[in-house]
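Visitor: I would like to go through this model and ask what stands behind each term.
Guide: Then let us look at it together.

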Amino acid sequence: MTIREHISLLPYNTFRIDVEAAVVAEYESVGELKSILRTYSGMPVLPVGEGSNLLFTRNFGGLVLRSRMQRAKAVRETAGEVWIEAEAGLRLDDLIAQLADMDIRGMENLSHIPGTVGAAAVQNVGAYGVEAKDVIEKVSVLDTLTMQTRTYTGEQCCFAYRDSVFKHGKRGTCIITSVVFRLSKGGPFRLDYGGLRQALGQDDVSRLSALDVRRAVIAVRRAKLPEVGEVGSAGSFFKNPVVTKDTFAAIKAQYSEIPFFPLEDGVKIPAAWLIEQCGMKGRTVGGAQVWEKQPLVIVNRGGASPGDIVALAQLVTDAVRDRFSITLTPEVNYI
Ligand SMILES: Cc1cc2nc3c(=O)[nH]c(=O)nc-3n(C[C@H](O)[C@H](O)[C@H](O)COP(=O)(O)OP(=O)(O)OC[C@H]3O[C@@H](n4cnc5c(N)ncnc54)[C@H](O)[C@@H]3O)c2cc1C
């Protein structure tokens, strides 16, 4: 394990915000995690993965915890399915790359999403019609209050759009240690979202492998999203709002070209479209900018302060509310 006090969080968040944490500890076993928690008991706790969904707004006067547990193994197998248990500190995309090489299916649409396996369960990450909840069988955690481990079934995780039980009341008291994914050996692919089919070209769908789909997903993502390591960001800054059918009908009467996804209990509207309509594409505050290629993303052009990002997010929120009477909510976790 490594424990450091009063250090910069710059390497711990993809937004490249340079604030300080009182303590940053990295652990290689649940035993080490427990020992760190006992040493710093009473301090606020923040588990982090790659910090790709965090916005540090100030110095953090607590304990930042990062897992270096990164193994994955098959724990059960049938003729058509395989259950993979992956430790929370493993990069999600490294896991998906390994699975795609073996043509194990179910997570290929989540390729190239930054971050770790543990956070994928917290966030219920999603892309191109697939969400982590579709393949998560169970999640193992350490409860920091009782120091006991326990397992949550998929149902007990209360997964919703970029949401789970781990974001409500459990933040800091529930540290995910591993996740079991239930995957398919030859199941169908989901190709009907975000231009995936076009990216796959004329390929005969019945002959596609998970690796083909993964490559197409990565190509589509690279064309519009900033690359971690090149541009500071936390991906989509806002969630796509879900409005009532009546509200949607009123907006559609005015904007017939509005894109939408019908849901059982409402209509989901792409926040990127709303933001673009408000003329916010490319808008800047200090070093923060609404990304030109995908206005759902706010980027750090270099030297952005947390205040710049918060102010720009507020400007976008106000513009969308004034024009459409819709309140955007952030997907990014403010710390
Ligand atoms: C360029 C870019 C593109 C992105 N594209 C997508 C996308 O397509 N779809 C999508 O859903 N997201 C996307 N994201 C957001 C981000 O990648 C995901 O939210 C990811 O799951 C965050 O992983 P992380 O390890 O970086 O978590 P962090 O940002 O470090 O943490 C996220 C949350 O999880 C908690 N957490 C982390 N690890 C644990 C743990 N072991 N136990 C308990 N809690 C924990 C943290 O406390 C925090 O609340 C994108 C981000 C970027 C920068």
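**Ligand and domain contacts**

Guide: An N or O atom in the side chain of Ser52 lies 2.6 Å from an oxygen atom of the ligand. The model is predicted: local features need pLDDT of at least 70, side-chain atom pairs count only at pLDDT 80 or more, and totals for chains, interfaces and linings use all residues. Residues are numbered from 1 along each chain as its sequence is written, and side-chain values use heavy atoms, with hydrogens and water left out.

Visitor: Why is the pair of Ser52 and the ligand called a polar contact?
Guide: A polar contact is a pair of N or O atoms within 3.5 Å; within protein, one must be able to donate a hydrogen and the other to accept it, and residues adjacent in sequence count only if both atoms are side-chain atoms. At 2.6 Å, the Ser52 pair therefore counts.

Visitor: What distance separates a polar backbone atom of Asn53 from an oxygen atom of the ligand?
Guide: That distance is 2.8 Å, so this pair also meets the 3.5 Å limit.

Visitor: How much of the ligand's area does the protein bury?
Guide: The ligand taken alone exposes 980 Å², and 96% of that is buried by the protein (Shrake-Rupley method, 1.4 Å probe; for residues, only the protein chains shown count as cover).

Visitor: How many salt bridges are counted between domain 1 and domain 3?
Guide: The count is zero, which means that no side-chain nitrogen of Lys or Arg lies within 4 Å of a carboxyl oxygen of Asp or Glu across these domains.
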